[in-house]
Amino acid sequence: MSDSPNNPNPITSQFGQKSPNYLKGLNPEQREAVTSIDGPLLVLAGAGTGKTRVLTTRIAHILASHLAESSQILSVTFTNKAALEMKQRIGKLIGISVEGMPWMGTFHSIGAKILRRHAELVGLKPNFTILDTDDQIRLIKQLLTAEHIDEKRWPARQFASIMDGWKNRGLLPSDVKSSHAGMFANGLGDKLYADYQQRLTSLNAADFGDLLLLCIRLFRENPDILAQYHSRFKYMLVDEYQDSNVAQYLWLRLLAQGKPAHLANICVVGDDDQSIYGWRGAEVDNILRFEKDFPGAKTIKLERNYRSTGNILAAASSVISNNEGRLGKTLHTDDEKGEKLQVTSLWDSEEEARHTAEQIEQLQRNGQDLNSMAILVRTSAQMREFEEVFIKLGINYRVIGGAKFYERREIRDALAYLRLTHQQSFDLALERIINVPKRGLGTTTVKFIHETARAQNIPMMQAIRMLIETEELGAKQRNTLSFLISQFDDWSARATTTSPFELAGAIFDESGYTAMWKDEKTADAPGRLENLKELVNFMQDFETLAEFLEHISLVLDRANNDNSNAVSIMTLHAAKGLEFNNIFLPGWEEGLFPSQRSLDESGNKGLEEERRLAYVGITRAKKKAFISLAQNRRIHGFWKTALPSRFLDELPPAAVEVTDTGSSFGAHNYGGSNSNKNSASRYDKKDALDDVYETPGWKRMRANSPKTIDGEFTKNHEHTSTGFRITQQVTHLKFGIGTITSIEGKKLTINFDRVGRKKVLDSFVKG
DNA sequence: TAAGCTGAAATTTTT
DNA sequence: TTTCAGCTTA
């Protein structure tokens, strides 16, 4: 690839530069990926190889070369965060305004945008509502009741996820009938699905899956409309292609069909080794198959890593090399080898947390910022113990992920009020807030309204209007409903004259919703009010309520203006795309990581995805990675002895240093009562951790129940607290026969005939 | 109608 | 062990 630009003049005139600056500093592969703009292109970008940079620069290049207008580039990501970051980076790169990229966004937001333009063709109105998961479940429950299906045997959630699976695979109700009948409720699954879709249509609503699925249907049934988009989108770019599911694949295929496959200007960027959402319907196969889908596609591998040290890369590469069916990349770096990865085995998960905290403090003493550290766990249940230790020791932390802003109760309630104001026929929203705050409208009343509405096939709001004219409801209910209706009529009328910001404030006050939380004395009430305020403030940016609501269901996210210095705790999944100098990877035990359930449900496929998760985890680290495992872990209340994760064996010995933790055993005071006293200090730290929101740890703090491990320990194992002696022969379920060499409280050190010396809890061995 | 109780379940969760 | 949803009782 030549260094000199072959399209100088437009650039010079438009951006006032002598040469495209944006190409500078790219390595040859990156540059090729940026400038190969004709025909299909697959960019295999390993972790830390500058993937986002390539994508953004490529867009900049297309724009600067005047190959397309910004409105002619379709650029899809999976998260709003990724879309936002790309917009910002393009803005920086060539100074165009962010607004200039109307077709850059998530699959879902672009799908919604297209769908709104042609809503009538799929039976919706342009102002259709996007259902959230809560509404979805609510709706399914109603359908189950209508079909007299026992909700205990066939939970609504389960059906929601089955249906999600169908939608992810691009299956319409008619497709399901043939292939998956009988999957749910004795073969009623397909009927339920069809009913569900019908209800959505009559509610003028779509769920997340529909945003793509209905788009696909729209394109298939209306070739003329598809053709419009073919001529509109001169270039298509897809980020994180390895995470795309079948529906997204079909959607992209349709949009790319404007030209013969070998000429399609579609560029997908991804890393098959980082595909970790298979359980959500992602098809690694999409990326593995790209070259077949688009014959003649060019493939460029980005293998030069700019993030991690040699040892970290060696470790990650070594682990991932155990997977089969990879497209195959070998990451390399010019960086030094750096420090070895540390692997530490601890007695139990509490000690693991404490040990991690000590390492964090050690790093801090060496001048490292808490912001440079992250703990990546396999399951969120692991977080609690870290939080407890951090609170105890006064280490500031933040939990990333977990409940999203728009998933919170108060936000959903608030949105229900706003949606209902906007569209009074939106029954699901009405059902949500009809008795929030408490108005004395209980299940009986709501059920009656609901049935009346269904019987006459009218919205509930309308049914209420009828019912308050009759004697069918009690006088008290009639009055309440009558008042509620008048309020909504008032709000709906004001929606046209008042700004959404003002209106929302008024609605929440007049409805008594704000008062409800103000009166509530629970610890999290103030936080909820705070969130409400944040939501209302957010509305200042919008002209109309409709505009706000359109935005909200797809794009609302908590503004992460957390400037504090804190260790991050998150799941491995949530860590994708992030990087930290120091990464802690706890819980590398068989059963936990790789997750037993993954193995059971998906076999080798599951194992490989777990392995990719390990790869993602390790490659988050720039400088240091600390892997740890606990020999004993409490799962659902029972202590289990764990074996080291098989992934540990897959680490290259030369890049790893196994830390001796012999001393850690018994070094801490398990039995003493002083840890109870220590725990009181947790409360003192509460104020210092203001910006930390709801986490399991905090809930426990607030619930005022400082349970200690000690207490649980003794309680659970009282019956076995004595009765063993040194030199005694014992049997362990997993390790077999061995001899006790030392006893410390409930911990036995045993020389097993088969597996050597182990420390185990007495309750796991038989004398 | 609303608080308390009981029993089943318990990964990962971009939109 | 914890959590949450649905059921029972005041």
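**Exercise 1. Find how much space lies in the second largest pocket and what lines it.**

Step 1. The volume, meaning the space filled by probe spheres set on grid points joined across faces, edges and corners, is about 680 Å³ for the second largest pocket. A pocket is an open set of points on a 1 Å grid over the protein atoms alone, with protein on both sides within 12 Å along at least five of seven lines, and its lining residues have an atom within 4 Å of a point.

Step 2. This is a predicted model, in which local features need pLDDT of at least 70 and side-chain atom pairs count only at pLDDT 80 or more, while totals for chains, interfaces and linings use all residues. Residues are numbered from 1 along each chain as its sequence is written, chains are lettered from A and ligands numbered from 1 in the order in which they are written, and side-chain values use heavy atoms, with hydrogens and water left out.

Step 3. The pocket has 22 lining residues, and those nearest its centre are Gln 142, Glu 431, Val 446, Lys 447 and His 450. Two or more lining residues come from each of helix H6 (133-146), helix H19 (427-433) and H20. Helices (H or I, at least four residues) and strands (E, at least two) are DSSP runs, numbered from the N terminus. H6 gives the largest share, seven residues.

Step 4. By type, the lining has six nonpolar, six polar and 10 charged residues. Here Ala, Val, Leu, Ile, Met, Phe, Trp, Tyr, Cys and Pro count as nonpolar, Asp, Glu, Lys and Arg as charged, and the others, Gly among them, as polar.

Step 5. Domain 2 (129-203) and domain 4 (406-554) each contribute at least three residues to this lining; the domain bounds come from an automatic or database domain assignment.

**Exercise 2. Describe the largest cavity.**

Step 1. A cavity is a set of grid points where a 1.4 Å probe fits but cannot get out. Across the whole structure there are four cavities of 30 Å³ or more.

Step 2. The largest cavity holds about 70 Å³ of space. Its lining consists of Leu 131, Asp 132, Phe 208, Tyr 406, Leu 415, Arg 419, Ile 552 and Ser 553. Helix H18 (409-422) and helix H26 (545-555) are the elements that give two or more residues to this lining.

Step 3. Five of the lining residues are nonpolar, one is polar and two are charged.

**Exercise 3. Describe the surface near DNA strand B.**

Step 1. A residue is near the strand if one of its heavy atoms lies within 4 Å of it. There are 31 residues around DNA strand B, and Arg 280, Ser 380, Gly 442, Thr 571 and Ser 595 come nearest.

Step 2. The residues of this surface are seven nonpolar, 16 polar and eight charged. Helix H20 (443-456) and helix H28 (596-619) each supply at least two of them, and H28 has the largest share, four residues.

Step 3. On the DNA side, 47% of the strand B atoms within 4 Å of the protein belong to sugar or phosphate, and the rest to bases.

Step 4. Three residues can be paired with base oxygens of strand B. An N or O atom in the side chain of Arg 280 is 2.6 Å from a base oxygen. For Arg 378, a polar side-chain atom lies 2.9 Å from a base oxygen. Ser 598 instead uses a polar backbone atom, 3.3 Å from a base oxygen.

**Exercise 4. Is helix H5 largely enclosed or open?**

Step 1. Buried means under 20% relative accessible area, exposed over 50%, and partly exposed in between (1.4 Å probe, protein chains only).

Step 2. The buried residues of H5 are Phe 107, Ser 109, Ile 110, Gly 111, Ala 112, Ile 114, Leu 115 and Arg 116.

Step 3. H5 (residues 107-117) is largely enclosed by the rest of the structure, because eight of its 11 residues are buried.

**Exercise 5. Locate the cis peptide bonds that precede Pro 437 and Pro 594, and examine the phi of Asn 204.**

Step 1. Most residues other than glycine have a negative phi, and most peptide bonds are trans.

Step 2. The bond from Val 436 to Pro 437 is cis, with omega near -5°; Pro 437 sits in the loop between H19 and H20.

Step 3. The bond from Phe 593 to Pro 594 is also cis, with omega near 10°. Pro 594 belongs to the loop between strand E13 (580-585) and H28.

Step 4. Asn 204 is not a glycine, yet has a positive phi of about 55°. Asn 204 lies in the loop between helix H9 (189-202) and strand E5 (205-206) and is buried, at 4% relative accessible area.

Terms used:
A polar contact is a pair of N or O atoms within 3.5 Å; within protein, one must be able to donate a hydrogen and the other to accept it, and residues adjacent in sequence count only if both atoms are side-chain atoms.
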